[in-house]
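Hello,

Here is the structure you asked to look through. My notes follow below it.

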Amino acid sequence: QSTSSEWSRFAEGKNIIMIQVESLQNFVINQSIHGQEITPNLNRLLSHSLYFSNFYPQTIEGNSSDAELITQTSLFPVKKGAVYYRYPYNTYLSLGSLLKEKGYRTVAVHGDEGNYWNRDEIYPNLGFEEYWDIESFDLDEIVGMGLGDRSMFLQTATKLNELEEPFYSFIITLTNHMPFDLPDEYRSLDLDRELDQTALGGYLQSVHYTDEAIGGFMEELEKSGLLENSIVIIYGD
């Protein structure tokens, strides 16, 4: 039985850009500290977005890879270990495979090593035709575990502009990762020294950096014209 509403087919044929943000927590959204917005770019997006604030994690031992599995396949992870290691060669009914059937170009993006969480093995079975890992980028900003989010997003925006449309791009951020210890040159929030040296202060600085990187990405998409024909989905892992 078919139903219709104002949302019926509104995204048909549009590019889909899904961003899984490392360690993004809902408590920082629309919050400020010492008069500074923690996530100003995400906050601005809310004025013209669908926002689901009651979003409950179902990840277990697979951590980030479990989050990917859930959003890509609507499956729950296994209780022990990680699906990405235990069942990488299954054939999954996934968002990527369904969109590929509709003529979409499918690509996954991450600024870390391709074999981290066994992504290079499972991604083809999740419907991804390409995987842009750290070796796909110019390594001009190494922060923490790999390529900094700011550089990753700017380079990804350029690469997406070269793809044939429509495309599905699944982007996983990296910099806002524990132990949340950004170098001083990337800490742009003005925090009390005592707070800045704690795990919480480090997290606020780190998530603020990633928010800034997302804002830059959105600006680049708008400049290139891609944003006009794209749906952007953002969630925390």
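The buried residues of helix H2 are Ser64, Ser65, Asp66, Ala67, Glu68, Leu69, Gln72 and Thr73. That is eight of the 11 residues in H2, which makes this helix mostly covered. Please keep in mind that the model is predicted. The cover over the buried residues of H2 includes strand S1, helices H3 (83–86), H4 (95–101) and H5, and strands S8 and S9 (230–236).

Both ends of this helix region have something to look at. Asn63 lies in H2, which covers residues 63–73. Asn63 is not a glycine, yet its phi is positive, at about 45°. Is Asn63 buried, partly exposed or exposed? Its relative accessible area is 44%, so Asn63 counts as partly exposed. Just after H2 comes Ser74, with a positive phi of about 60°.

Trp117 is another residue with a positive phi that is not a glycine; the angle is about 55°. Trp117 sits in the loop between strand S4 (105–110) and helix H5 (119–122). The relative accessibility of Trp117 is 15%, and because buried means under 20%, Trp117 counts as buried.

Next, please look at strand S8. How many of the six residues of S8 are buried? The count is six of six, so to speak a mostly covered strand by the usual wording. In a regular strand, side chains alternate between the two faces of the sheet. On one side of S8 are Phe167, Ser169 and Ile171, and on the other are Tyr168, Phe170 and Ile172. These residues are all buried, and both faces of S8 are thus covered.

S8 also has strand partners. Strand S1 (residues 15–21) pairs with S8 in the parallel sense, over five bridges. Within that pairing, Met18 has Phe170 of S8 as its bridge partner. S4 pairs with S8 as well, also in the parallel sense, over six bridges. Here the bridge partner of Val107 is Ser169 in S8.

Two cis peptide bonds are worth finding in the viewer. One joins Glu165 and Pro166, with omega at about 0°. Pro166 is in the loop between helix H6 (149–160) and strand S8 (167–172). The other runs from Met178 to Pro179, with omega near 15°. Pro179 is in the loop between S8 and helix H7 (193–196).

Finally, some values for the whole protein. Its secondary structure comes to eight helices and nine strands. Why can the protein be set beside a compact globule? For 237 residues such a globule would have a radius of gyration near 18 Å, and the protein has 18 Å, so the two agree. The C-alpha trace spans about 55 × 40 × 35 Å along the principal axes. Of the 237 residues, 49% are buried. Among contacts with a separation of 6 or more, 67% are between residues 24 or more positions apart.

The exposed area is about 12,700 Å², and carbon and sulfur atoms supply 49% of it. There are 15 positive and 37 negative side chains, and the centres of these two sets lie 7 Å apart.

Regards

Terms used
Residues numbered from 1 in each chain as written. Predicted model: local features only at pLDDT ≥ 70, side-chain atom pairs only at ≥ 80, totals over all residues. Heavy atoms only, no water. Helix = DSSP H or I, 4+ residues; strand = E, 2+ residues; numbered from the N terminus. Rg over C-alpha atoms; globule rule 2.2 N^0.38 Å. Buried < 20%, exposed > 50% of the residue type's maximum accessible area, 1.4 Å probe, protein only. Contact = heavy atoms within 4.5 Å. Areas by Shrake-Rupley, 256 points an atom, 1.4 Å probe, with all protein chains shown as cover. Lys, Arg positive; Asp, Glu negative; His and termini not counted. Charge placed at Lys NZ, Arg CZ, Asp CG, Glu CD. Pairing = 2+ DSSP bridges.
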